[in-house]
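Reader: I'm new to looking at protein structures. Could you walk me through the empty spaces in this one and the molecule that sits in it?

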Amino acid sequence: MEPIANVNGRRMPLAEVRISPLDRGFLFGDSVYEVIRVYAGQPFLFDEHLRRLGHSLESIRIHGIDLEQLRKRVLDTIAAGPFREATVYIQVTRGAAPRAHGFPNDATPFEFLYVREFEDPYVEARKQGVVVITTPDVRWDRCDIKSTNLLANVLAMQAAKEAGATEALFFLPDGTITEGTHTSFFGVLGGKLLTAPQSPAILPGITRSLILRIAAEQEIPVREQTLRLQDLPRVSELFLTGTTSEVLPIEKVDQCVIWEGAPGEVTRRLQRGYERVSERDAASGGV
Ligand SMILES: Cc1ncc(COP(=O)(O)O)c(C=O)c1O
């Protein structure tokens, strides 16, 4: 099944989409995006993704995007193909205009999305755990905006790939671990589940929020507190979360094996919780 796109309301095969060379998303990374997982034909945590897109748009002052219309376009594009297990990619740029750094007076935002089938590459990794590396966090101060300026993430992920790892974890000069290049990060220390508190240093991960909700339901003690590199020898479990990775146990960081091995008990409980919620939502027609 070929991916199907929708550009400013017009549906077309992804391969037929044309973008201006003066589009500011292309020239400056002046754009924001979302990735949504579709289970059994239903976009998962759709409201949460649209809300985060609204936050990103507002943060970079792209105005006039009708999120309800966008919701309909997403649903219409999913329905246009026999998509069951899929992902939706949405990107909104400030539009095309003669190249100048400041905002143009009259550019029309470019609203682009496409749906593609998703063949889950993490099925085995979720059972066995993955290897990750650590790398300095050289990103900017607004990582809460889901911007397409992803060069630091791209270079860090390439370093991970070259090291035979699945993800790179960013750390700040004081050793604080923020998140992965495309995942949020959790650890279990002293029986408590820890993850970085929400701040401009991390993306407000949609899966992260869901996992915090499931942990609360399961009465797993949680603290929104950062882990540092220095803490790693004492953690019993580590895992990543993300829209396509779901809950991904970490087996080794920089070649050091995590104490309880992967996946640990808390990680497994949260994986089961995630499965229950995603299956329930798909069965009930999405939320
Ligand atoms: C930097 C970063 N952190 C965390 C995440 C995980 O967020 P979500 O659970 O919303 O996919 C992503 C997802 O792409 C990301 O790019």
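Author: Here are some questions and answers about the pockets and the ligand; please keep in mind that the model is predicted.

Reader: How much space lies in the largest pocket?
Author: Let's start with a general idea: rolling a probe the size of a water molecule over the atoms shows where empty space is left. For the largest pocket, that space comes to about 1,100 Å³.

Reader: Which residues are the closest to the centre of the largest pocket?
Author: The lining of the largest pocket is made of 42 residues. From that set, the closest to the centre are Tyr 33, Val 35, Lys 146, Thr 181 and His 182.

Reader: Which element gives the most to the lining of the largest pocket?
Author: Several elements give two or more residues to this lining, including strand 3 (31-39), helix 5 (151-162) and helix 6 (206-217). At least three residues come from domain 1 (4-117), and at least three from domain 2 (123-282). With four residues, the element that gives the most is helix 5.

Reader: How many residues in the lining of the largest pocket are charged?
Author: Sorting the lining by class helps here. There are 17 nonpolar and 16 polar residues in the lining of the largest pocket. The charged residues number nine.

Reader: What about the second largest pocket: which element supplies the largest share of its lining?
Author: This pocket holds about 260 Å³ of space, and 13 residues line it, with Asp 120, Arg 126, Glu 246, Gln 271 and Glu 275 closest to its centre. At least two residues each come from strand 3, helix 4 (123-128), strand 14 (246-253) and helix 7 (265-283). The largest share is five residues, and it comes from helix 7.

Reader: How many residues of that second lining are charged?
Author: In the lining of the second largest pocket, four residues are nonpolar and two are polar. The charged ones number seven.

Reader: Now the ligand! Which residues come nearest to it?
Author: There are 17 residues around the ligand. Nearest among these are Arg 52, Glu 179, Ile 206, Thr 207 and Thr 243.

Reader: How far is a polar side-chain atom of Lys 146 from an oxygen atom of the ligand?
Author: Two other side chains make a nice background. Thr 207 has a polar side-chain atom 2.6 Å from a ligand oxygen, and an N or O atom in the side chain of Thr 243 is also 2.6 Å from an oxygen atom of the ligand. For Lys 146, the distance is 3.0 Å.

Reader: What percentage of the ligand's accessible area does the protein cover?
Author: On its own, the ligand has 390 Å² of accessible area. The part of this area that the protein covers is 92%.

Terms used. Residues are numbered from 1 along each chain as its sequence is written. This is a predicted model: local features need pLDDT of at least 70, side-chain atom pairs count only at pLDDT 80 or more; totals for chains, interfaces and linings use all residues. Side-chain values use heavy atoms; hydrogens and water are left out. On a 1 Å grid over the protein atoms alone, a cavity is a set of points where a 1.4 Å probe fits but cannot get out, and a pocket is an open set with protein on both sides within 12 Å along at least five of seven lines; lining residues have an atom within 4 Å of a point. Grid points are joined across faces, edges and corners, and a volume is the space filled by probe spheres set on the points. Ala, Val, Leu, Ile, Met, Phe, Trp, Tyr, Cys and Pro count as nonpolar, Asp, Glu, Lys and Arg as charged, and the others, Gly among them, as polar. Domain bounds come from an automatic or database domain assignment. A residue is near a molecule or strand if one of its heavy atoms lies within 4 Å of it. A polar contact is a pair of N or O atoms within 3.5 Å; within protein, one must be able to donate a hydrogen and the other to accept it, and residues adjacent in sequence count only if both atoms are side-chain atoms. Accessible areas come from the Shrake-Rupley method with a 1.4 Å probe; for residues, only the protein chains shown count as cover.
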